[in-house]
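Here is a short walk through one protein model. Have a look at the sequence and the structure first, then read on.

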Amino acid sequence: MASLPALDTITEKASLGKFNGFMSSRSYINGYTPTSADVTVFEAFKGSCPDQNIAVHGARWYNHIAHFSKEERAKWPEADLPAGAPPKAKDTPQKVDEDEDEDDMFGDDDDLFADDDGDAAAALKAKLTAEAKARGEKKLEKGRSMIVFEVKPFEAECDLEKLAQGIKELKHEGIQNWGQEHKLVPIAFGIKKLVISCIVFDVKVGMDDVMDLINEKFEDEIQSIDVQAMSKV
């Protein structure tokens, strides 16, 4: 299982690959609930979103956390980083994680072929690197997530059933499908919220993109959209 890389090197290419593997099976740093650990890691990126070409799951997480205000993030419950996560690179020996970005599989072994025939070694290294990159890209293309949204209307008179059907008709190359079922959950004063889900291709669309798509189409009817849950499928 992938582990969280050291925070002082998390923006480096090799660490981004490791972070991508770590986030591929979770919505937040400590699972499926936002905590102060997400804030700690988010701030380690110093305002720079992870490169989606290297860490699509990391970019998905970063953009989601950035969607919350600083005040909202400050209210999240306190939590430590996952067990075994090194705060700094020097605190743990260098180790290549099995889920680390395969593009950089030779990054720590510059002299791997030093004693071999130069041309043959270079050709072999190039071939293996290309194969690893192709496997990584294929894996990213297959990555999918299920996102559950909470949609709150402006008024109690809003026809949420009609709104749900309208949302399910929205098309995007990154949306595999909308969930067949949806729920109307009471909030207060006769107002209900719509709980609706979809499955997306991680490499093609993020949760913020889907939220923007809904808002653009139904901005006159919707007061707010929030993510209730997100999980890998």
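How many of the 10 residues of strand β1 are buried? The model is a predicted one, and in it strand β1 covers residues 144-153. Of these 10 residues, 7 are buried, so the strand is largely enclosed by the rest of the structure.

Now look at the partners of strand β1. One of them is strand β4, residues 191-201. The two strands pair in the antiparallel sense, over 8 bridges. To find this pairing in the model, start at R144, which stands opposite F201 in β4.

Strand β5 is another partner, spanning residues 222-232. It also runs antiparallel to β1, and 9 bridges join the two. Here the residue to find is P153, which stands opposite I222 in β5.

Next, move to a loop. Strand β2 spans 175-178 and strand β3 spans 183-188. H182 lies in the loop between them. Is H182 buried or exposed? Its relative accessibility is 19%. Buried means under 20%, so H182 counts as buried.

What surrounds this histidine? Leave aside residues up to four places away in sequence, and H182 touches E161, A164, Q165, K168, L194, V195 and I196. Two of these neighbours also make polar contacts with H182. The side chains of H182 and E161 are joined by a polar contact of 2.9 Å. A polar contact of 2.9 Å also joins the side chains of H182 and K168.

The loop leads back to the strands. H182 touches L194, V195 and I196, and strand β4 covers residues 191-201. That strand is the one paired with β1 over 8 bridges.

Notes. Residues are numbered from 1 along each chain as its sequence is written. This is a predicted model: local features need pLDDT of at least 70, side-chain atom pairs count only at pLDDT 80 or more; totals for chains, interfaces and linings use all residues. Side-chain values use heavy atoms; hydrogens and water are left out. Buried means under 20% relative accessible area, exposed over 50%, partly exposed in between (1.4 Å probe, protein chains only). Helices (H or I, at least four residues) and strands (E, at least two) are DSSP runs, numbered from the N terminus. Two strands pair if DSSP finds at least two bridges between them. A polar contact is a pair of N or O atoms within 3.5 Å; within protein, one must be able to donate a hydrogen and the other to accept it, and residues adjacent in sequence count only if both atoms are side-chain atoms. Contact means heavy atoms within 4.5 Å.
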